[in-house]
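Please open the structure in the viewer and keep the selection tool at hand. The stops below are arranged as a tour.

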Amino acid sequence: MNKGGPVGGGGLGVGGSGPTAAAAAAAAQKQKTLLQRVEGDIANIVDNFSHLVNVARVNDPPVRNSQESFMMEMRAARMVQAADSLLKLVSELKQTAIFSGFASLNDHVEQRRVEFNELGEKTDRLLSRIGEEAAASLKELETHYSSSAQKNI
């Protein structure tokens, strides 16, 4: 069990503001809740198993054996419930990982789109400036050529 980063593998920081900070806070809270569920379910399984082993001793009085049998069934049922809860948690973690993976992928695509749009605008400005400089140089050369051609005539 990894208690290291947020569920889903995103490296979100909690500091800052805006939707990213809110998403990071929500992810941290969800991770805390999931970890508490895991710890509770595992503790429940271990506790019920230890009680099941203690009750499993064979005794002579038939009444005591039937009581112990009932206790064993009850503890086994509680273990099954805790195991079922863990299985549901695993399913929820898988869904979270899948959906958070799509969300982070969408965020990355959007970030790259913005970067490429900015780069395209920068390139357009550069080409426009180069075109203006070329037009100014061409006009200067035409003026120089026409003035030198008049002197030669």
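A residue is called buried when its relative accessible area is under 20%, exposed when that area is over 50%, and partly exposed in between. Glutamate 92 has a relative accessibility of 25%, and therefore counts as partly exposed.

**The whole chain**

Begin with the entire chain, bearing in mind that this is a predicted model. Its average pLDDT is 79, and 79% of the residues score at least 70. Colouring by secondary structure will show two helices and zero strands. Of the 153 residues, 11% count as buried. The surface that the chain exposes amounts to about 11,800 Å², of which carbon and sulfur atoms supply 61%. Where contacts are counted between residues at least 6 apart in sequence, 70% of them join residues at least 24 apart.

Next, select residues 1-16. Over this segment pLDDT stays under 50. The model has 23 contacts for residues 1-16 beyond four places in sequence.

**Between the two helices**

Select arginine 37 and glutamate 92. These side chains form a salt bridge, with 2.9 Å between the closest N and O atoms. The pair links distant parts of the chain: arginine 37 belongs to helix H1 (residues 19-55) and glutamate 92 to helix H2, with their positions 55 residues apart in sequence. Is arginine 37 buried, partly exposed or exposed? Its relative accessible area is 29%, so arginine 37 is partly exposed.

Add Lys30 to the selection. Lys30, Arg37 and Glu92 are linked in a network of salt bridges. How many salt bridges does a search of the whole structure find? The search finds six.

Now move to alanine 82, which is placed in helix H2. Because its relative accessibility is 3%, below the 20% limit, alanine 82 counts as buried. Which residues are in contact with alanine 82, leaving aside its neighbours within four places in sequence? They are Asp41, Asn44 and Ile45. Display the C-alpha atoms of alanine 82 and glycine 40 as well: they are 8.6 Å apart in space, although the two residues are 42 apart in sequence.

A further stop is methionine 71, also found in helix H2. From its C-alpha to that of leucine 52 the distance is 7.6 Å, and the two residues are 19 apart in sequence. Methionine 71 has 29% relative accessibility and so counts as partly exposed.

**Salt bridges within helix H2**

Select aspartate 84 and lysine 88. Their salt bridge brings the closest N and O atoms to 3.4 Å. Both residues lie in helix H2, four residues apart, which is about one turn of the helix. The partners fall into separate accessibility classes: aspartate 84, with a relative accessible area of 36%, is partly exposed, whereas lysine 88, at 53%, counts as exposed. The boundary that decides the matter is 50%, because exposed means over that value.

Continue along the helix to arginine 112 and glutamate 115. Here the closest N and O atoms of the salt bridge are 3.1 Å apart. Why are these two residues separated by about one helical turn? They are three residues apart in helix H2, and therefore about one turn lies between them. Arginine 112 is partly exposed, with a relative accessible area of 36%. Glutamate 115 is likewise partly exposed, its value being 34%.

**A nonpolar patch**

For the last stop, select Ile98, Phe99, Phe102, Leu105 and Val109 and show their surface. Together these residues make a nonpolar surface patch of about 530 Å². Centre the view on valine 109, which lies in helix H2 (residues 62-152). How accessible is valine 109? Its relative accessibility is 48%, so valine 109 counts as partly exposed. A patch residue needs over 30% relative accessible area, and the value of valine 109 therefore meets that requirement.

Methods:
Residues numbered from 1 in each chain as written. Predicted model: local features only at pLDDT ≥ 70, side-chain atom pairs only at ≥ 80, totals over all residues. Heavy atoms only, no water. Patch = residues over 30% accessible without salt bridge, like charges linked within 9 Å, V, L, I, M, F, W, Y side chains within 5 Å. Areas by Shrake-Rupley, 256 points an atom, 1.4 Å probe, with all protein chains shown as cover. Salt bridge = Lys/Arg side-chain N within 4 Å of Asp/Glu carboxyl O. Buried < 20%, exposed > 50% of the residue type's maximum accessible area, 1.4 Å probe, protein only. pLDDT = per-residue confidence, 0-100. Contact = heavy atoms within 4.5 Å.
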